[in-house]
Amino acid sequence: MKHIRTGVIVAALICTNAAYATVWYVHPDSVLNCIQHCLDSCSTGDTVLVGPGIYAENIVWPSTQGINLTSEYGVDMTYIGGSGTGRVIRIGIAVDRTTVIQGFTVQNGYDTLAG
């Protein structure tokens with residue numbers, strides 16, 4: 001009986017933490033049309049869901065773990081295009097496996113460490 005009660009308490013805590021996660025929806029025609037702004041506003045466990053379009057940004061990943069940056073419709077419809085002046089997505093911290101970036105075509109950038 002003790003194991004069942006413990007399992008119920010753990011499940012309740014997991015559900016409670018998930019209830020506080022925010023989904024930030026980014027779309028080129030919206031007020032929230034900047035991926036960087038949404039990433040900077042994220043807390044652990046939040047999702048930045050990016051609508052189809054071309055986003056001209058050079059993103060600097062925030063120091064928050066567990067952010068899910070994902071496109072709504074995948075690589076054929078969602079592009080992050082840098083300005084050709086450096087990395088399109090710069091991650092300067094160690095991220096853990098709860099941090100996810102998926103579903104984008106990344107273009108117009110280069111590795112600033114390359115000769």
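**Parallel sheets in a predicted model**

Colleague: In which order do the 3 strands of the open sheet with parallel pairing stand?

Modeller: In this predicted model, 3 strands build an open sheet, and their pairing is parallel. Read across the sheet, the order is β3-β6-β9.

Colleague: Why is one side of each edge strand left without a neighbour in this sheet?

Modeller: The edges are taken by β3 (53–55) and β9 (105–107). One side of each is left without a neighbour in the sheet because β3 and β9 each have a single partner strand.

Colleague: By what average angle are neighbouring strands of this sheet turned against each other, direction ignored?

Modeller: The sheet in question has the order β3-β6-β9. With direction ignored, its neighbouring strands are turned against each other on average by 20°.

Colleague: Which residue in β9 is the bridge partner of Gly-81?

Modeller: Strand β6 comprises residues 78–81 and runs parallel to β9, to which 3 bridges join it. Within β9, Gly-81 has as its bridge partner Gln-107.

Colleague: Which strands are the edge strands of the open sheet of 4 strands?

Modeller: The open sheet of 4 strands is paired in parallel, in the order β1-β2-β5-β8. The strands that pair on one side only are β1 and β8. Neighbouring strands of this sheet are turned against each other by 15° on average, direction ignored. The edge strands are therefore, given that each pairs on one side only, β1 and β8.

Colleague: Which residue in β2 is the bridge partner of Trp-24?

Modeller: Strands β1 (residues 23–26) and β2 (residues 47–50) run parallel and are joined by 4 bridges. Val-23 stands opposite Thr-47 of β2. For Trp-24, the bridge partner in β2 is Val-48.

Colleague: Which residue in β5 is the bridge partner of Val-50?

Modeller: Strand β5 spans residues 68–71 and pairs with β2 in the parallel sense over 4 bridges. The bridge partner of Val-50 in β5 is Ser-71.

Colleague: Is the β-α-β unit of β1, helix α2 and β2 right-handed or left-handed?

Modeller: Helix α2 covers residues 35–41 and forms the unit together with β1 and β2. The handedness of this β-α-β unit is right-handed.

Colleague: Does Ile-101 count as buried, partly exposed or exposed, and why?

Modeller: Ile-101 lies in strand β8 (residues 100–102). Together with Ile-91, Ile-93 and Val-95, Ile-101 forms a nonpolar surface patch of about 270 Å² accessible area. Buried means under 20% relative accessible area and exposed means over 50%. Because its relative accessibility is 36%, Ile-101 counts as partly exposed.

Colleague: What percentage of the residues in the protein is buried?

Modeller: The secondary structure comprises 2 helices and 9 strands, in the sequence pattern α-β-α-β-β-β-β-β-β-β-β. Of the 115 residues in the protein, the buried share is 29%.

Key: Residues are numbered from 1 along each chain as its sequence is written. This is a predicted model: local features need pLDDT of at least 70, side-chain atom pairs count only at pLDDT 80 or more; totals for chains, interfaces and linings use all residues. Side-chain values use heavy atoms; hydrogens and water are left out. Two strands pair if DSSP finds at least two bridges between them. A crossover is right-handed if, with the strands pointing away from the viewer, the path from the first strand over the helix to the second runs clockwise. Patches are made of residues with over 30% relative accessible area and no salt bridge: like charges are joined within 9 Å, nonpolar side chains (Val, Leu, Ile, Met, Phe, Trp, Tyr) within 5 Å. Accessible areas come from the Shrake-Rupley method with a 1.4 Å probe; for residues, only the protein chains shown count as cover. A salt bridge is a side-chain nitrogen of Lys or Arg within 4 Å of a carboxyl oxygen of Asp or Glu. Buried means under 20% relative accessible area, exposed over 50%, partly exposed in between (1.4 Å probe, protein chains only). Axes are lines fitted to C-alpha atoms, for helices over the stretch in contact, and angles run from 0 to 180 degrees between N-to-C directions.
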